[in-house]
Amino acid sequence: MKNPGIRLKKKGTPYGVKVPESKFTAQNQIEPAPLPEKAIIPLHQNIGAPCEAVVKKGDKVLTGQKIGDSEKYVNAPVHATISGEISGTTMVVNPPTAQLMQALVVTSDGADEWVKLEPPPNPEDLSVKEILARVREAGLVGLGGAAFPTHVKLSPPKDVRIDTVILNGCECEPYITSDHRVMLEYGEKVLSGLSIIKKVLSPDNIYIAIEDNKEDAIDHMEELIVAMGFKEDFRIVPLKSKYPMGAEKILTKMILGREVPIGGLPLHVGVVVHNVSTAKAIHDAVVEGKPFVERVVTVTGAVKHPKNLLVRFGTPLRSLIDYCGGIDGQANEVVLGGPMMGFSQFDLDFPVIKGTNGVIVKESTPINEQDCISCGKCIDVCPVYLMPTLLARYAKAGRYDECKEAYIDDCFECGACAYTCPANIPIVQYIKVAKRELAKRAVKK
Amino acid sequence: MIPERKFLISPGPHLWKGLSVSKIMYRVVIALMFPTGAAIYFFGYHAISVIGVSVGTCLLTEYGCKRLRNQAFVMDGSAVVTGVLLGLILPPTIPLWMVAIGAIFSIAIVKEAFGGLGHNIFNPALGGRAFMSASFSAEMTTWVLPMGFGADAVTSATPLSDSFIWSADKLALYKALFLGNTAGSLGETSALFILIGGVLLLALGIINWRIPAIYIGMVALMAVALGQDPLFNILAGGLMLGAFFMATDYVTSPLTNRGKIVFSVALGVLTVIIRRFAGMPEGVCFSILFGNAITPLIDRYIKVRPYGLVKKVPSAG
């Protein structure tokens, strides 16, 4: 430990679960994936309002040209990720919501001709307003998985003071290594993006949270902080690897001891958490003037050559899996995101979208549910101290009001309960059903 | 190229730890082999036949009940655990037909009649033993000294009964109790071997340390409070076996850690009170059964405080 002022003491938690890390691609350099012949670009890739197409069939588009936008505030525009022609629209199924959504299809002209980028002459002179406008125009969303529009997250309500920013480099999901590689290969851009976040939110403290299964990333970020002269403005908190350490609520508790109120956000306790890849994308958008058209995706599991790929949005999963040597063995499930919270997709023509950090090919694991034996292991691991077995019991019986009384809203669906359950009860799956039913009822009222 | 095949979808998590109910049960069986080994060493053929009949009858009864209930019989190991435990808490010379009746009662009434594994209120083995105590009181209180495989059985009082007389010094008594060289139920006599099995369960993460630690600690405290010998109270009778293997039964003990603490304290207090004031030396058995009975109540009122519980929830955004 060379810089005790920068690298703080390691922290750990008794909650959560130890999962087999399976991070096979941790040492694989990021390589660009081949550009797709057809990019399928859904118009709704963020939490909030969907985009409307601003181009029509037959239009020629350049890489980085805006093709979808919205008047709504909670929205992020989408861009063409290759150059070519808008050849039509198609419908794709969005895995998390299982809803059909419209997508524009761009057929490549093979040239990958970019729009003219307009980087600011002096990035340091940009006002907060100009930064936020650039972030929005670039179509940035949070890359940790939730895909919440970044400019909204960077604009806290006026009555809220953000005193702490946490940069999240935990990547606690097994298999996924995209944030890890981004820290190692684009560390300067990550820190540059973080200093932009600092300028926008002007917090008192900035922490970079990294799990200790990425010692190389911790060392590298520490060296960069020193080399780039950020001194103790940015401090690294190494965390003992445990799932779901990288969840906002858990980081807020681990680093600051503050609990996000049930139904609230970290900003209600003065905290904003951003992902390392988001910080890198903020740098690209603000300093380089580059629209958000690509991200690092870990393609792993039962493929012949697992890789970390720099992928243009709209690239179909099929071509990524092909590029990684195809499927090995009898695998019959493709999970987008990590294996704990990711969603499986049956349609391999589905594209990589902004929220996709990994593609995991695996054999589907059947669930053989037995009766609860009241072992209480789900309670021991629940990172938000709920009683998952009771929630599952109520949900199974359709007693949703009792779920509500048992604080089901506190659950962020990490799945540590279902992972641990000896009776193989799909606890979090029942909880998801109950939450949906409760949401439906709330809409009806 | 990607082979043409159907891709399945399922909700996350897409990983499972794989420590299944049956794996847990068989680990408990392995841990139980230590007190079982001690029982065989001290009581020879008696131990083998009693435990064998108990396990066999438990399995057959479970099979029969599942058939009657039109459910699949799963060899999940829970009936084996009940069978071994019941055998270990019976007197060595108990007639085998009584063992069979106790085992049938354990599985058919205490476990399956309530809905099977996970739904029973009482620990099946202890329920079976309580039933046998009430039905066969003479045979259930006939104790013999350890005789191994060769010698004949010689009746003797157990250390906890009023008629127990110890002529040698105290240290020798503790040693006999610790190693198991006294009269008593088959698997209860050797604290040492129970401890080995219990530590194994703790190390494997199968049982929660709070229950045995607080239960045994509370018995010692209560013994001191009532002017009795704490070490004697810990080592004598079924406390060690009960604390490590029966009070820790998942199904019949509270869910939360705080609930487990309340449960264990209640068990400790009751055990000493029953031992000191009741007519039968059944402290451990009845205190755990009582604890089982109040477990739903404990779980109803002792909950975990959820993360982020505040009186006023701010408006989101």
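These legends go with four close-up views of a predicted model.

**View 1. Strand S9 of chain A, a mostly covered strand.** Here we zoom in on residues 164–169 of chain A, where 6 of the 6 residues are buried. In a regular strand, side chains alternate between the two faces of the sheet. You can follow that pattern here: Thr164(A), Ile166(A) and Asn168(A) point one way, while Val165(A), Leu167(A) and Gly169(A) point the other way. Whichever way they point, all of them are buried.

**View 2. S9(A) and the strands it pairs with, S10(A) and S12(A).** S10(A), residues 205–211, runs parallel to S9(A), and 6 bridges join the two. Look for Gly169(A), which stands opposite Ile210(A) of S10(A). S12(A), residues 271–275, also runs parallel to S9(A), this time with 5 bridges. In that pairing, Leu167(A) sits opposite His274(A).

**View 3. Helix H6 of chain A and what covers it.** H6(A) spans residues 248–256, and 8 of its 9 residues are buried. Among the buried ones are Ile250(A), Leu251(A), Met254(A) and Ile255(A), but also Glu248(A), Lys249(A) and Lys253(A). So what covers the buried residues of H6(A)? The cover includes S9, S10, S11 (234–239) and S12 of chain A. Just after the helix comes Gly257(A), with a positive phi near 75 degrees.

**View 4. Where chain A and chain B touch.** Chain A brings 58 residues to this contact and chain B brings 40. On the chain B side, the residues split into 25 nonpolar, 10 polar and 5 charged.

How values were computed:
Residues numbered from 1 in each chain as written. Chains lettered and ligands numbered in written order. Predicted model: local features only at pLDDT ≥ 70, side-chain atom pairs only at ≥ 80, totals over all residues. Buried ≥ 20, exposed ≤ 12 C-beta atoms within 10 Å, placed from the backbone. Helix = DSSP H or I, 4+ residues; strand = E, 2+ residues; numbered from the N terminus. Pairing = 2+ DSSP bridges. Contact = placed C-beta atoms within 7 Å. Nonpolar A, V, L, I, M, F, W, Y, C, P; charged D, E, K, R; others polar.
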